[in-house]
Amino acid sequence: MRQYKLKIIFFLVLLSLLSILIAEDVAVEAYVDRNQVAENEIFRLTIEVQASEIKNFEKPDLSKLPFEILNSSTSTSSSMTIINGKVNSQKSEKITYSLLSKDKGQKQIPTITVTVNGKKYVTNPISITITDKTSNTSNTNNRRQNSSNINNQDAFIIANVNKTNVFKNEEVIVSYKLYSPTSQISNISLGNEPSFSGFWKEDLYQPSRPQMQREIFNGKQYYTLLLRTIALFPSKDGNLVIPEMEIQIDVIIPSRSFFDFDSRRTLRLVSDPISLKVKPLPKYDNDINFINAVGQFDISSTISETSGEEGNSLTYKIIISGSGNYNQITLPQLPEIHGLRFLSPEISDEKSNSTTSFSGKRTFTYPIMLTEQGTSTIPQLKYSYFDPATKTYKTKTLKSINIEVKPSTQQILTTHNSQQSIRVFGKDIKFINLNPSTSNYKFPYQRLWFWFLIVFYLLSLVAHYLYNLDNKKLRSDLHYSRNRRANHIIRKYLKEAEKCVISKSNDFYDYAYQGLMHYLTDKLNMPRGVQEKEVLNELNNIGFSESIVSQVQSYLNILNMIKYANKEINAEKINNDALVLKQLVQSLLDEFNKHNKRGSK
């Protein structure tokens, strides 16, 4: 009997949990077909319920509505999706009310309580603006909402930021979303790249296959599309402005009769600019080893081996990973360590696939020459970054590493006077000249190889001096370092672009644009993320020929146009654009070389 009661209790608990899960799956929304109507005009209010299971949907009480209810209708629908072998079903029930507006002014549809599956849900209030009474003809036309009425007020872009009060170099996420009353949209093209002056910009997301989503905004149903998500890093403090972004879309207007054809209307939409307040970073103590990192980071180190022979080399890596401006991090010069010689590091960046924040890692790879036998120690290294979430500087400590340098096993020639090592055999002594002559003897300085070694030694000293001088300049002069690195960057992007040409991928245009802009900004010592116009103006200012500047401008326009076009590009077009890119890059290399020669004179 007791077991029977326990089974009943278990069943009731399971049933209640199931009902809670079903209830949590319910979504209730209220929306109107438009927020602005004329006096004595009819508009529609829809209350929609979506759930995997709808057992009971009671009609809500609308007695407090400030409008006259003319009639109502109900509709149901269901959908089924299969994701990774799992079947998901969704049901929808709607009640649509025809409402008559009265008395011009600002009205509000209050919150509406809806009971679904025995649980109550509350909708958001909706604002309605009632304007002056219009003519009978206008009323008749306005009662029928169709795509031909769509204009720049019906469709719009909203730029959203995750914060408006930030620190210098703190990440700001900006997303641009399109809102449209219809899903019949095509040929979405972005205008010229906005001028993000005062920011370092990184792209996070741009849809390759745009798909519209349904969303309720200000009490009205829209079809939305996330156009772009970027990360901005303010490079200076003060009041900055995120500029507006412009797009063009084609709205497909369906025919009104069987004998008509669909038509298109092109709309130009512009987002509003957004103001940011950028604060300077707090001052820090002298013991803080700040590495220009703002965000949340982890710092670690690895070494290829902890022992090696004198004259050989090891590899020491410092890895900084996390979310923030990781690709702007600079490390100070490592301390001098007896028995070890650190060469200039190779810097590599690896970006994560996150679309909500700019994250990844930067690796500093140091070759280490083992110069003297014994045990050498890389001491504890402390590096600090600024965490905007806690508004404090945080320090990470790398553990010390002992390196044992062993004697070299390679043969070393030495001279000594050990008589025991000399064994003389009679056959080894053939002739002994008692009157030696030095007339045929040549001293080392009389031989050609001697002077060759002297010249080689002097040249080695000069080369070593120039190498150290260049290495020091690379560490201290950021402009010089970026200028030197620019050629390596363009080669890297050209390799990636070449892979896309082979695979016939549209990603070629992304790599071409980023490579070209990064190369030019590094060569011109301009912050990455500047507007294309600024780059072109700077090329003109330093004396580049008009034909080269015109070629750069034309090619960037082509990249922008194709990059944001929602269509596949054929392989022949990609091949032709790749050839143009190679010729353009070669022309830029030649022009920069000429400019450097003119500057040296």
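Thanks for coming, everyone. A helix here is a DSSP run of H or I with at least four residues, a strand is a run of E with at least two, and both are numbered from the N terminus. What you see above is a predicted model.

With that counting, the protein has eight helices and 30 strands. It runs to 601 residues, and 36% of them count as buried. If you take contacts between residues at least 6 apart in sequence, 72% of those join residues at least 24 apart. As for the surface, about 37,100 Å² is exposed, with carbon and sulfur atoms supplying 50% of that area.

Let me start with helix H5, residues 507-523. Does its length agree or disagree with what 17 residues should span? At 1.5 Å a residue we expect 24 Å, and the end C-alpha atoms of H5 are 24 Å apart, so the two agree. This helix is mostly covered, with 13 of its 17 residues buried. Just past the end of H5 comes Asn525, whose phi is positive at about 55°.

From there we can step into the largest nonpolar core. This core holds 35 residues, and the members touching the most others are Phe508, Leu520, Leu539, Val552 and Leu588. Five helices each put in at least two residues: H4 (478-503), H5 (507-523), H6 (532-541), H7 (546-563) and H8 (571-600). Which of them gives the largest share? That would be H5, with eight residues. For a close-up, pick Leu588: setting aside residues up to four places away in sequence, Leu588 touches Leu516, Tyr519, Leu520, Phe544, Ile548 and Val552. Apart from this core there is another one of 34 residues, and its members include Trp200, Phe342, Tyr366 and Leu370. As background, nonpolar side chains tend to be buried together in soluble globular proteins.

Now over to the strands, and to a charged side chain I enjoyed looking at. Arg362 sits in strand E26, residues 359-370. Is Arg362 buried or exposed? Its relative accessible area is 11%, and the cut-off for buried is under 20%, so Arg362 counts as buried. What does its side chain reach? One partner is the backbone oxygen of Ile329, at 3.0 Å. Another is the side chain of Asp349, joined to that of Arg362 by a polar contact of 2.7 Å. Beyond residues up to four places away in sequence, Arg362 touches Ile318, Ile319, Ile320, Tyr326, Asn327, Gln328, Ile329, Ile347, Ser348 and Asp349.

Next, strand E12, residues 172-180. Eight of its nine residues are buried, so E12 is largely enclosed by the rest of the structure. Which strands does it pair with? Strand E10, residues 156-161, runs antiparallel to E12 and is joined to it by six bridges. Within that pairing, Ile158 has Lys177 of E12 as its bridge partner. Strand E16, residues 220-234, also pairs with E12 in the antiparallel sense, over nine bridges. There, Ser175 stands opposite Thr229 of E16.

The loops leading into these strands are worth a stop for anyone who likes backbone torsions. Asn169 is in the loop between strand E11 (165-167) and E12. Although Asn169 is not a glycine, its phi is positive, at about 70°. With a relative accessible area of 7%, Asn169 is buried. Then there is Asn218, in the loop between strand E15 (213-217) and E16. Its phi is near 55°, again positive in a residue other than glycine. Asn218 has a relative accessibility of 57% and so counts as exposed. So we have a buried asparagine at 169, and an exposed one at 218.

My last stop is Leu45, in strand E3, residues 42-51. How accessible is Leu45? Its relative accessibility is 0%, so it counts as buried. What surrounds it? Leaving out neighbours within four places in sequence, Leu45 is in contact with Tyr31, Val32, Leu65, Ile95, Thr96, Tyr97, Leu99, Ile109, Ile112 and Ile126. Take Leu99 from that list: Leu45 and Leu99 are 54 residues apart in sequence, yet their C-alpha atoms are 7.1 Å apart in space.

That's my tour. Happy to rotate the model for anyone who would like another look!

Note on methods:
Residues numbered from 1 in each chain as written. Predicted model: local features only at pLDDT ≥ 70, side-chain atom pairs only at ≥ 80, totals over all residues. Heavy atoms only, no water. Core = buried A, V, L, I, M, F, W, Y, C linked by side-chain atoms within 4.5 Å. Buried < 20%, exposed > 50% of the residue type's maximum accessible area, 1.4 Å probe, protein only. Contact = heavy atoms within 4.5 Å. Polar contact = N/O pair within 3.5 Å; in protein donor to acceptor, adjacent residues only side chain to side chain. Areas by Shrake-Rupley, 256 points an atom, 1.4 Å probe, with all protein chains shown as cover. Pairing = 2+ DSSP bridges. Expected span 1.5 Å × (residues − 1).
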